[in-house]
Every structure is written in C-alpha cells, then in structure tokens.
Amino acid sequence: MNQPGDVHVPIRTCIGCRSRHPQTRLVRCVLDADGTIRVDRRAPGRGAWLCGPGCVEPARRKRGFDRAWRTTVRPDEIERLGARLAELTD
C-alpha cells in the first residue's frame, strides 16, 4: 500500500519488447497528421512508447506502431524513426 507522500510514477509498455518501465525511462513517439513520426513527450494524442532504437525493428515486425496509433504507418517513417533514435542515443 502507498504511504502518504509517495510519488506515483506512471508505468508504460514498450511496443517492441513489451517490457514495462517507468515512463521516464522510455521514449514517446507520436504520429503527426501528415504521417510523420516524431519523438515528443508532451504532444497531445496517442503515443507509442519504446525502450530505444533496438526496439524499433521488433515493433515494426509486430505491427506495434499500427496498433498504437490505430492506423497503417509508412515503413519509410519507421526507418527514419530508427535512425533518429540511434542519433539521440549516440
């Protein structure tokens, strides 16, 4: 049971490896109206959470992006996202 003063930390599931982590350890991706994927923690709407660049390919294979955003995502956008995440983690 939580004690008074305990801080609630939201838990999210990675769409690639399906592991659960505090949302501060994951990357939130959003799909813009024009079909562009971007990394953004504060954008409104549905988000897709990833552990990092290593989870992009499993998420693509499992159609995790399509499920998260309830639409078909262009493969070239997923590739660009993988490249962007790789740059951010270097």
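**Exercise 1. Check the length of helix H3 (75-89) against the span expected for its 15 residues.**

Step 1. Helices here are DSSP runs of H or I with at least four residues, and strands are E runs of at least two, numbered from the N terminus. The expected span is 1.5 Å times one less than the number of residues.

Step 2. For the 15 residues of H3 this gives 21 Å, and the end C-alpha atoms lie 22 Å apart, so the two values agree.

A word on the model before going on: it is predicted, so local features need pLDDT of at least 70 and side-chain atom pairs count only at pLDDT 80 or more, while totals for chains, interfaces and linings use all residues. Residues are numbered from 1 along each chain as its sequence is written, and side-chain values use heavy atoms, leaving out hydrogens and water.

**Exercise 2. Find which residues of H3 are buried, and what covers them.**

Step 1. Take buried as under 20% relative accessible area, exposed as over 50%, and partly exposed as in between (1.4 Å probe, protein chains only). By this measure Glu-77, Ile-78, Leu-81, Gly-82 and Leu-85 of H3 are buried.

Step 2. Look down the helix axis and take the directions from it to the C-beta atoms. The buried residues of H3 fall within an arc of 145°, so they line one face of the helix. Glu-79 and Glu-87, on the other side of H3, are exposed.

Step 3. Now look for contacts, meaning heavy atoms within 4.5 Å. The cover over the buried residues of H3 includes strands E3 (27-31), E4 and E5, along with helices H1 and H2.

**Exercise 3. Describe the largest nonpolar core and the surroundings of Phe-65.**

Step 1. Such a core is a set of buried Ala, Val, Leu, Ile, Met, Phe, Trp, Tyr and Cys residues joined through side-chain atoms within 4.5 Å. The largest one has 16 residues, and Phe-65, Trp-69 and Leu-81 are among those with the most contacts inside it. Strand E5 (48-50) and helices H1 (56-61), H2 (64-69) and H3 each give two or more residues to this core.

Step 2. Leaving aside residues up to four places away in sequence, Phe-65 touches, among others, Ile-15, Leu-50, Val-56, Ile-78 and Leu-81.

**Exercise 4. Trace the salt bridges of H3 and the network they belong to.**

Step 1. Count a salt bridge when a side-chain nitrogen of Lys or Arg is within 4 Å of a carboxyl oxygen of Asp or Glu. This rule yields nine salt bridges.

Step 2. Asp-76 and Arg-80 pair at 3.1 Å, N to O. Both sit in H3, four residues apart, about one turn of the helix. Asp-76 is partly exposed at 31%, as is Arg-80 at 41%.

Step 3. Arg-84 bridges to Glu-77, with the closest N and O atoms 3.9 Å apart. Glu-77 is buried, with a relative accessible area of 1%, whereas Arg-84 is partly exposed at 28%. Through shared partners, salt bridges join Arg-74, Asp-76, Glu-77, Arg-80 and Arg-84 into one network.

**Exercise 5. Decide how many disulfides there are, and where that leaves Cys-14 and Cys-29.**

Step 1. With a disulfide taken as a pair of cysteine sulfur atoms within 2.5 Å, the count is zero.

Step 2. For Cys-14, the nearest cysteine sulfur is that of Cys-55, 3.6 Å away. For Cys-29, the nearest is that of Cys-14, at 9.5 Å.

Step 3. Cys-14 is buried at 0% relative accessibility, and Cys-29 is also buried, at 0%.
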